[in-house]
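Welcome, and please load the model in your viewer. We will go from one selection to the next, with a short note on what to look for at each stop.

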Amino acid sequence: MILSCQNISKSFGDTVILKNVSFNIEEHDKAAIIGINGAGKTTLLKVILGQLSQNSGNVVTGRDVRLGYLSQQAAELLDATVIDAMKEAKSYIMEMEKRIRALEQEMKDKEGDELANILETYNRLTTRYDRENGYAYESEITGVLKGLGFSTADYDRHINTLSGGQKMRIALGRLLLSHPDIIILDEPTNHLDMPSITWLEGFLASYPGAVIVVSHDRYFIDRISNKIIEIDQGVSRVYNGSYSYYSEEKAKIRKAELNAYLKQQAEIQHEQAVITKLKQFNREKSIKRAESREKKLEKIELIDKPTEARTDMRLKLSPVTESGEDVLHVENLSKSFGTNRLFSDIELDIKRGDHIALIGGNGTGKTTILKIINRMESKDSGTITLDSRVKVGYFDQEHHDLDPNKTIFDEMSDSFPDMNNTKIRNVLAAFLFTGEDVFKKISELSGGERGRLSLAKLMLSPANFLILDEPTNHLDIPSKEILEDALSGYTGTILTVSHDRYFINKVATGIIELRNKVLTVYKGNYDFYEENRDKMYELQNKDNENADTGLNVTRQGFSVVSTEDYARENKKSSKAEYESSKAEYARQRKLASDLKKVESGIERCETRISEIDEEMNLPENGSNVALLTELTAEREKLDNELLDLYEKWEALQS
């Protein structure tokens, strides 16, 4: 164990963020901290790093353990070139190398004890130098820069000339080169393209130290993690496995907890109903039984209602009208910006119902293609043909469709003037905008809030062809899952650009990769693309005769069930369900009949006992010993019968 968080609690004023969070990190653990936006993930990282003090609990690290942290904001970088900034991260290696060279010179003129002392220092330094991979530090720097998407032409660029995303990548590279015992990363994939993310996955998976990462990138987490630390309503729960394992276990645990809660609630309601009924019988024995049950009920340890999957944000996307079969045809499309040629002579066909993901490295022109199709960017050459019945709905990652000077409510009411205020309120509530929030200015919204508002507008549009540019950016995992469910069931056509591979896997039925200025088609989801990308790229771009330049997705790689087989299986299933329902209905009818008989028996016994009591209290019967003996025996028999009937009634109620 190199790091232990023990019962960490943290509050800001009256707001509790973390409650007794506990977990351990072992030497080679690759742990992911997950939770919804605002769950306290970054707060927990800052507590671990000592940047925030906790209200209670302890953070314990092993002796001499070094922590390396990359936040979501770009770190302060040196006033230097790209290569010099990276070399500075290895300055301790370079200093060791200088010291080793100096010792080699000193040894030439020394003898005896002096030479022995120098040799001892020399051996110690060379051993550490070797352990720190000093002999290959320059190639390590080159490998990290290449992996993060920098070419040799970038090495001499000054850091001040880099974009914010590039600066973040340099900060990440410097951290990786420093080889801390625990690498701590907060949303490291935000500024990386797919090739860089894939490289980072490999680097972290084989990293000899420990890794703690906060990320919404589920595919990334799945590839690197062996431990998931979930923060839910301030409470932690540890799952020893990948994200896929966590997702399955979480669903099982939630279901089991919810079933246990519902079962207990049903038992409590049943007990309360039995107690009420027993009191209504208004007999001494029934009242005592009711009191006994009340005491038993008071001792029950109540199960808290578990946190359920987020159900407050629900998307239902369905096209109002259907387009023609040939939704989009692109031919000989070319685009350049100055001397930078993004692509030329590309062709593309999209059919009705296709869900296509357009992928490729940063700067290859993916968003430009979407903008050209949506007539937001001019083309250099080529033709773009949309079916006459196509209605395009465009989701812009920069949210240019939103007016920053308007409030949320005004944006919706101006965009959909036929909607009344109640309908607007209801739609906004579905996207988590409630109460006074609807009067916030759009300029004050976070990226995630703007994304949700754009999605709300998209849901109400009459579109049957959705063009989506990074729709999952700034969404937390539950929101992504809700969007995925909506798009997976969408019967219209989708063309999306996304770096979210998990999202692509759930939504896409076809992949188009923009690589080396050409398009390559893959008929399947992201996993299919991963398995076949190089083979299909070579096949489609080496031999034009065999190239599949069009796209008519048939879900290759997935099993297809014939209509007859489906109908047959559905018929079997329906018959089995009918027989089961029929048997259950018969059982319920018998129970109701038996319960009615027992209640009639109770009523009969209680009525007769009341009659006997009245008869025994008549003055004229006071001296009739034979009659009183007979009545007493009958009453005792009825009391026993009544006791049996109470037990039967309680059993049937259960």
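Throughout this tour, contact, or touching, means heavy atoms within 4.5 Å. This is a predicted model, in which local features need pLDDT of at least 70, side-chain atom pairs count only at pLDDT 80 or more, and totals for chains, interfaces and linings use all residues. Residues are numbered from 1 along each chain as its sequence is written, and side-chain values use heavy atoms, with hydrogens and water left out. Helices (H or I, at least four residues) and strands (E, at least two) are DSSP runs, numbered from the N terminus.

**Stop 1: Ile229**

Select Ile229, which sits in strand E8. Is this residue buried or exposed? Ile229 is buried, at a relative accessible area of 0%; buried means under 20% relative accessible area, exposed over 50%, and partly exposed in between, with a 1.4 Å probe and protein chains only. Now show its surroundings: leaving out residues up to four places away in sequence, Ile229 touches Phe23, Ile25, Ala31, Ala32, Ile33, Ile34, Arg237 and Val238. For a sense of scale, draw a C-alpha to C-alpha distance from Ile229 to Lys366: 35 Å in space, with the two positions 137 residues apart in sequence numbering.

**Stop 2: the E8–E9 hairpin**

Extend the selection to strand E8 (residues 227–232) and strand E9 (residues 235–239), which pair in the antiparallel sense over five bridges. Two strands count as paired if DSSP finds at least two bridges between them. Val238 in E9 is the residue opposite Ile229. Two residues lie between the strands of this hairpin, and Gln233 in the turn has a positive phi of about 55 degrees.

**Stop 3: the six-stranded sheet**

Which sheet do E8 and E9 belong to? They are part of an open sheet of six strands, in the order E5-E6-E7-E3-E8-E9, with mixed pairing. Its edge strands, each pairing on one side only, are strand E5 (67–70) and E9. From one strand to the next, the twist averages 15 degrees. Axes here are lines fitted to C-alpha atoms, for helices over the stretch in contact, and angles run from 0 to 180 degrees between N-to-C directions.

Next, pick strand E6 (residues 182–186) and strand E7 (residues 210–214), which run parallel and are joined by five bridges. Ile182 has Ala210 in E7 as its bridge partner. Then add two helices. H1 lies across strand E3 (30–34), E5, E6, E7 and E8, at about 150 degrees to E6. Helix H9 (residues 243–281) lies across E3, E8 and E9, at about 125 degrees to E9.

**Stop 4: the three-stranded sheet**

Keep H1 on screen and colour the sheet E2-E1-E4, an open, antiparallel arrangement of three strands. Strand E2 (15–25) and strand E4 (56–61) are its edges, each pairing on one side only. The average twist from one strand to the next is 20 degrees. Helix H1 (residues 41–49) packs on this sheet, touching E1, E2 and E4, and its direction makes about 60 degrees with that of E2. Within the sheet, strand E1 (residues 3–12) and E4 run antiparallel, joined by five bridges. One pair to label is Gln6 with its bridge partner in E4, Asn58.

**Stop 5: helices H12 and H13**

Two packed helices are described by the angle between their axes and the distance between the axes. Select helix H12 (residues 408–415) and helix H13 (residues 421–430), whose axes come within 10 Å and cross at roughly 120 degrees. That angle makes H12 oblique to H13; angles under 35 degrees count as roughly parallel, over 145 as roughly antiparallel, 65 to 115 as roughly perpendicular and the rest as oblique. Which residues make the contact? H12 contributes Ile408, Phe409, Met412 and Ser413, and H13 contributes Asn421, Ile424, Arg425, Val427 and Leu428. The buried residues in H12 are Ile408, Phe409, Glu411, Met412 and Ser413, and they pack against H13 and helix H14 (447–460).

**Stop 6: Lys480**

Finish in helix H15 (residues 477–488), where you will find Lys480. This lysine is buried, with a relative accessible area of 6%. Beyond residues up to four places away in sequence, Lys480 touches His216, Asp217, Arg218, Thr472, Leu475 and Asp500.
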